[in-house]
Amino acid sequence: MSGGTLWTVVLVASLGCYLLKLAGLSVPSAWVQRPWVTRVVDFVPAALLAALVAVQAATTDDRLVLDGRLAGLAVAALALAMRAPFIVVLVLAGATGALVHVLAG
Amino acid sequence: MVTSLVAVSDARSATLRDAMGLGLAVGLYGAAFGAAADAAGLAVWQAVVLSALMFTGASQFALVGVLGAGGGGPAAIGSALLLGTRNTLYGVRLLPLLEPRGWWRRLGAAHWVIDETTALAVAAPDRRQARLAFVVGGATLYLTWNATTVAGALGAAALGETARAALDAVVPAAFLALLWPRLQRGYPEAAVQRRVALAGAAVALLLTPVVPPGVQVVAAAVAVALAGRPRPAAVTS
């Protein structure tokens, strides 16, 4: 992706996200607060964030790849289950990824 | 009279403390975002502009996550917008609390309508505190988030190969940390959230070999169908 295209993506997505915020403060609430709309919006983050976890941890291009990222994710899940603070979760995941990288050389 | 003044100032300092504490804590996510943006091939300036203009964490992470996976512009923008839809609902909840007068205030307030400011404002004991929490929380978060984004992006740009491998493992962990609270007991319909999350991950992995990069993330939104129909209890809340 060229630098110019990347800037277009950055700016269009930023404007779109701003307009979504502004819409909530501007349109009649009855337009937004329909049961099925709130239902979908309540659950979209779970679906997309989980998809991003999976794609970021276990794929490279169009292939499934098992490497240090997945090991890091497992350690992160363990740390989250033990209620570790965010920064600790990230440091442990990163250290695991680096360790696997060094060991797998 | 005296006791009520004390109570007011107590509530005020509690609001300020919560708002600033949350702002500083969430700032750490800004560093993770800056690093993730660098790992995805964005320039430091692009990471900075995203934090300054988009200013909604999950959407920012999704945009750079899809770009980092080799995804195209439409998939990256689509995933950011899908995650941004919840801010529209937040705006609806905030409007009666903030009552912004005039278009300029409305345009300004809209920029800070995110998870954290909504949580702070809704939790405040009255409308005055809600506005204070929104403004102080929003300002603290905005400043920290942008400063730590710069630090994260610059820091990641200076990394060597092993540190790159560490960063590659940090990015999925950051997404998991964003997702985690929604799956825990105590979150509304946590069991359904877990089901939708598992299905979203499965859809994304199954589609990875067959669709252009990034499209599988947007397509994972179909997993929302597993949430089923709106429940009567959810309608009234």
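**Helices, domains and the contact of two chains**

In chain A, residues 36-58 form a span that is 100% helix and 0% strand, with its end C-alpha atoms 32 Å apart. Helices (H or I, at least four residues) and strands (E, at least two) are DSSP runs, numbered from the N terminus. The model described here is predicted: local features need pLDDT of at least 70 and side-chain atom pairs count only at pLDDT 80 or more, while totals for chains, interfaces and linings use all residues. Residues are numbered from 1 along each chain as its sequence is written, and chains are lettered from A and ligands numbered from 1 in the order in which they are written.

The span 36-58 also appears in the UniProt record, an unreviewed entry, which places the feature "transmembrane region" at residues 6-24, 36-58 and 70-103 of chain A. UniProt positions follow the numbering used here, feature names are shortened, and annotations may be inferred rather than shown by experiment. For residues 6-24 of chain A, the end C-alpha atoms lie 28 Å apart, and this span is again 100% helix and 0% strand.

Further along chain A, helix 4 (residues 68-81) packs against helix 5 (residues 86-104) at an angle of about 150°, with 8 Å between their axes. Axes are lines fitted to C-alpha atoms, for helices over the stretch in contact, and angles run from 0 to 180 degrees between N-to-C directions. Helix 4 of chain A is therefore roughly antiparallel to helix 5 of chain A (angles under 35 degrees count as roughly parallel, over 145 as roughly antiparallel, 65 to 115 as roughly perpendicular and the rest as oblique). Residues that meet here include A76(A) and L80(A) from helix 4 of chain A, and L92(A) and V100(A) from helix 5 of chain A.

Chain B is assigned two domains, domain 1 (2-160) and domain 2 (184-237); such bounds come from an automatic or database domain assignment. Their centres, taken over C-alpha atoms, are separated by 24 Å. Domain 1 of chain B brings 10 residues to the contact and domain 2 of chain B brings 7 residues, two residues being in contact if their C-beta atoms, placed from the backbone, lie within 7 Å.

Finally, the two chains meet through 68 residues from chain A and 84 residues from chain B. Helix 3 of chain A gives the most to the side of chain A that touches chain B, with 22 residues.
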